[in-house]
Amino acid sequence: EQRRGAEANPRSDLFAAAVVLYEMLTGQPPWPRDVLLAGTRMPGDFQLPYEVGRGHDAALVAGLQAHLDEIGDPESARRPSTEAALTAAQELFDSAIATRS
């Protein structure tokens with residue numbers, strides 16, 4: 001939002017969290033350098049490569065993808081509240097722990 005001249009808000013932090021989470025899972029940023037510099041955002045920017053989910057519980061991977069899509073939505077107003085995002089993250093974490101047991 002700030003890069004486009006809009007006012008930053010707590011949902012801007014959720015977008016930043018989506019970028020960090022995506023990089024943690026894939027080892028690379030969600031965009032090539034030219035797209036990053038242009039500042040364009042599209043739905044699907046945080047699509048996880050197949051390799052990330054291979055060998056993991058399909059429901060957990062789908063939930064993680066849905067979470068990334070929500071907190072990384074290009075439109076700030078469509079992102080969840082911080083509380084809702086943290087609740088979803090905790091549920092994903094709990095699910096991940098349960099699938100390892």
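**Notebook: R79, the core and the helix contacts**

I began with R79, whose side chain reaches the backbone oxygen of P74 at 3.5 Å. I took a polar contact as a pair of N or O atoms within 3.5 Å; within protein, one must be able to donate a hydrogen and the other to accept it, and residues adjacent in sequence count only if both atoms are side-chain atoms. The model is predicted, so I noted that local features need pLDDT of at least 70 and side-chain atom pairs count only at pLDDT 80 or more, while totals for chains, interfaces and linings use all residues. Residues are numbered from 1 along each chain as its sequence is written, and side-chain values use heavy atoms, with hydrogens and water left out.

**Entry on R79**

I looked up a further partner of R79: a polar atom of its side chain lies 2.8 Å from the backbone oxygen of R11. I placed R79 in the loop between α4 and α5; helices (H or I, at least four residues) and strands (E, at least two) are DSSP runs, numbered from the N terminus. Is R79 buried or exposed? R79 counts as buried because its relative accessibility is 2%; buried means under 20% relative accessible area, exposed over 50%, and partly exposed in between (1.4 Å probe, protein chains only).

**Entry on the salt bridge**

I found one salt bridge in the structure, defined as a side-chain nitrogen of Lys or Arg within 4 Å of a carboxyl oxygen of Asp or Glu. The salt bridge joins D73 and R78, with the closest N and O atoms 3.0 Å apart. Of this pair, I recorded D73 as buried, at a relative accessible area of 15%, and R78 as exposed, at 52% relative accessibility.

**Entry on the nonpolar core**

I then turned to the largest nonpolar core, which has 14 residues. Such a core is a set of buried Ala, Val, Leu, Ile, Met, Phe, Trp, Tyr and Cys residues joined through side-chain atoms within 4.5 Å. Which residues touch the most other members? They are F46 and L68. Two or more residues come from each of α1 (10-26), α4 (58-71) and α5 (82-100), and α1 gives the most, with five. Contact means heavy atoms within 4.5 Å. Not counting residues up to four places away in sequence, I listed F15, A18, V19, Y22, P30, W31, Q65, L68 and G72 as touching F46.

**Entry on α1 and α4**

I noted an angle of about 145° for the packing of α1 and α4, with their axes 8 Å apart. Axes are lines fitted to C-alpha atoms, for helices over the stretch in contact, and angles run from 0 to 180 degrees between N-to-C directions. From α1, the residues L14, F15, A17, A18, L21, Y22 and L25 meet L64, H67, L68 and I71 of α4. By class, I recorded 10 nonpolar, one polar and no charged residues in this contact.

**Entry on single residues**

I looked up L14 in helix α1 and found it buried, at 10% relative accessibility. Leaving aside neighbours within four places in sequence, L14 is in contact with I71, R79, P80, S81, T82 and A85.

I located L92 in helix α5, buried with a relative accessible area of 16%. Beyond four places in sequence, L92 touches L60, G63, L64 and H67. L92 and L64 are 28 residues apart in sequence and 6.9 Å apart in space, C-alpha to C-alpha.

I closed with G27, in the loop between α1 and α2 (33-38), which counts as exposed at 69% relative accessibility.

Conventions:
Ala, Val, Leu, Ile, Met, Phe, Trp, Tyr, Cys and Pro count as nonpolar, Asp, Glu, Lys and Arg as charged, and the others, Gly among them, as polar.
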